[in-house]
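Please work through the exercises below with the sequence and the model open beside you. Try each task on your own before you read its solution.

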Amino acid sequence: MPEVAEVYLDGRFVPIGDARVSVLDRGFLFGDGVYEVVPVYGGHLFRLGQHLDRLAASLAAVGIADPYDRAEWEALFVEMARRAGPGDHSVYLQITRGADVRRDHVYPPDLKPTVFAMSSPLSGPPAEQLARGVSVRTLEDIRWDRCDIKAVTLLANVMLRQAAREAGADDAVLLRHGFALEGTASSLFMVHDGVLFTPPKSRHLLPGVTRDLVLELAEANGLAWREESIPETVLRRADEIWLTSSTREVMPVTRLDGEPVGDGMPGAVWKRMHGWFQACKQRLRSGSESC
Ligand code: PDD
């Protein structure tokens, strides 16, 4: 039984078992589409504006005409949050280029994009993972050169995450030309001598919405931070490593390739950031705009 009862597809809410997409949909045939994942805390959408900005950038980058205007997107997300009910959820939205009449790499200009959305319960990172931290493997980044686009084409990410799992780790940190970039579905942070580092935005990583909030929280609370490329060799000497995302929040990494990170426990800087992040979520839950 799927955990989602009802989904949004092309303008209608339907039971998940009744949702039908053509086998000629380019999302199915080519992974030709983009997506977003937006958390909802106590009915309130988390940084919807930033998610919609990134969605617009992804659509523009792949040349899919935006099927809705900004107000329509906002209305859809608000309705998704309302239907999800109380508690915490994540709204998954995907837009594919649509269904053609044949399989052809070249697409006609007049395809109608397929818009699909569903909400799932969001339980946040398990307390036990926050207490112990997670383990990661470094793996060579085999993805393409446009990782800044939030494309549904995630085969490389799937293979990398699976490889990390089969090697006994929770996730992978991806390396390209000797620099650490991000996780398979998360942004990367490192603490060195009390300073927080994250790689600058580029075509080799996704501009994470959670990443930007973490930097804002650092700034607001007087924690020194820098956007700077992270050489693999420096990552191996980090006092703390974190992975951040909409679903995993700020996750401490306590083992890197089997070696302890710092003292092998979630670090003091992480504890402060975790507190600021939870306070921010609480403000959002209570209806404040300030998160
Ligand atoms: N992934 N980097 C990659 C490759 C990601 O897939 C994600 C998010 C992030 C973090 O972005 P944000 O903070 O905006 O969630 C970084 C989502 C959650 C997913 O694929 O499910």
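Three exercises follow, each with a worked solution, and they concern a predicted model.

**Exercise 1. Domains**

Task: Find into which domains the protein is divided, and state how many residues each domain gives to the contact.

Solution: Begin with the bounds, which divide the protein into domain 1, covering residues 6-121, and domain 2, covering residues 127-285. The contact between them takes 24 residues from domain 1 and 21 residues from domain 2. As a further step, take the C-alpha centres of domain 1 and domain 2, which lie 26 Å apart.

**Exercise 2. The ligand and its shell**

Task: Describe the residues that surround the ligand, and explain where the ligand lies with respect to domain 1 and domain 2.

Solution: Start with the count, which gives 17 residues around the ligand, the closest being Y35, R54, E182, T210 and S246. Sorted by character, the residues of this shell comprise five nonpolar, eight polar and four charged ones. Next, look at the elements: strand 3 (33-41), helix 6 (209-220) and strand 14 (240-245) each contribute at least two residues to the shell. Because both domain 1 (6-121) and domain 2 (127-285) give residues to the shell, the ligand lies between them.

Now turn to single atoms of the ligand. A nitrogen atom of the ligand is 3.2 Å from an N or O atom in the side chain of K150, and a backbone N or O atom of A185 lies 3.5 Å from a nitrogen atom of the ligand. On the oxygen side, a polar backbone atom of V209 is 2.8 Å from an oxygen atom of the ligand. As a last step, consider the cover: on its own the ligand has 480 Å² of accessible area, and the protein covers 89% of this.

**Exercise 3. The surroundings of H89**

Task: Decide whether H89 is buried or exposed, and list its polar and other contacts.

Solution: First place the residue, since H89 is found in strand 5, which spans residues 89-96. Its relative accessible area is 10%, and because buried means under 20%, H89 counts as buried. Then follow the side chain of H89, which reaches the backbone oxygen of A84 at 3.1 Å, while a polar atom of that side chain lies 3.3 Å from the backbone oxygen of G85. Finally, set aside the neighbours within four places in sequence; H89 is then in contact with V38, P39, V40, A84, S120, P121 and L122.

Methods
Residues numbered from 1 in each chain as written. Predicted model: local features only at pLDDT ≥ 70, side-chain atom pairs only at ≥ 80, totals over all residues. Heavy atoms only, no water. Near = heavy atom within 4 Å. Polar contact = N/O pair within 3.5 Å; in protein donor to acceptor, adjacent residues only side chain to side chain. Areas by Shrake-Rupley, 256 points an atom, 1.4 Å probe, with all protein chains shown as cover. Helix = DSSP H or I, 4+ residues; strand = E, 2+ residues; numbered from the N terminus. Nonpolar A, V, L, I, M, F, W, Y, C, P; charged D, E, K, R; others polar. Domains from an automatic or database assignment. Buried < 20%, exposed > 50% of the residue type's maximum accessible area, 1.4 Å probe, protein only. Contact = heavy atoms within 4.5 Å.
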